[in-house]
Amino acid sequence: MNQSALSIAYGDQPSPRALVVAEILRSQGHEVVARAGREAFLANPEPDLYLLGPELAAGTKALALLAELRRAGRSAPVLLVDEAPDFETMRAAVELGANDIVLRPLESGVLARAVARAAAEHAPR
């Protein structure tokens with residue numbers, strides 16, 4: 001996995017905030033593909049990294065999607081983006097294999113470091 005240019009599948013509620021996140025990632029050299037719901041994530045090839053808001057456009061919950069991705073054998077790193085996750089959400093995310101939870105409002109440097117860290121943890125050795 002090349003850290004300088006990752007393919008990132010991004011799912012979140014449609015909003016100006018989601019557009020800003022995608023633009024931040026693109027400005028860092030990444031290819032960002034917006035995916036609306038469960039089917040779009042499972043039907044397409046696995047990216048280098050998944051970035052998921054708490055709930056996707058099609059009403060899919062991020063944790064449910066993460067569980068499905070893992071059951072389907074998808075092993076790419078997963079970053080969750082949330083404003084104020086509670087303890088149970090954080091616990092479930094870790095148990096399901098999320099690499100990190102990035103808090104909103106997002107700062108581009110924080111997001112860049114989380115993406116780089118997740119990519120490095122899953123780079124072939």
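Glu83 is partly exposed in this predicted model, with a relative accessibility of 47%. Its salt-bridge partner is Arg17, and the closest N and O atoms are 2.4 Å apart. This pair links distant parts of the chain. Glu83 sits in the loop between strand S4 (78-82) and helix H4 (87-96), while Arg17 belongs to helix H1, 66 residues away. Arg17 is also partly exposed, at 39% relative accessible area.

A buried pair is formed by Asp12 and Arg104. Their side chains meet in a salt bridge with an N to O distance of 2.0 Å. Asp12 lies in the loop between strand S1 (7-11) and helix H1 (16-27), and Arg104 in the loop between strand S5 (100-103) and helix H5 (108-121), so the contact ties together parts 92 residues apart in sequence. The relative accessible area of Asp12 is 9%, which falls under the 20% cut-off and therefore makes the residue buried. Arg104 has a relative accessibility of 9% and counts as buried.

A further salt bridge lies within helix H4. Here the side chains of Arg91 and Glu95 meet at 2.8 Å, N to O. The two residues are four apart in the helix, so about one helical turn separates them. Arg91 is partly exposed, with a relative accessible area of 33%. Glu95 counts as exposed, at 59% relative accessibility. Elsewhere, Arg38, Glu39 and Glu68 are joined into one network by salt bridges that share partners. The count of salt bridges comes to eight.

Note on methods:
Residues numbered from 1 in each chain as written. Predicted model: local features only at pLDDT ≥ 70, side-chain atom pairs only at ≥ 80, totals over all residues. Heavy atoms only, no water. Salt bridge = Lys/Arg side-chain N within 4 Å of Asp/Glu carboxyl O. Buried < 20%, exposed > 50% of the residue type's maximum accessible area, 1.4 Å probe, protein only.
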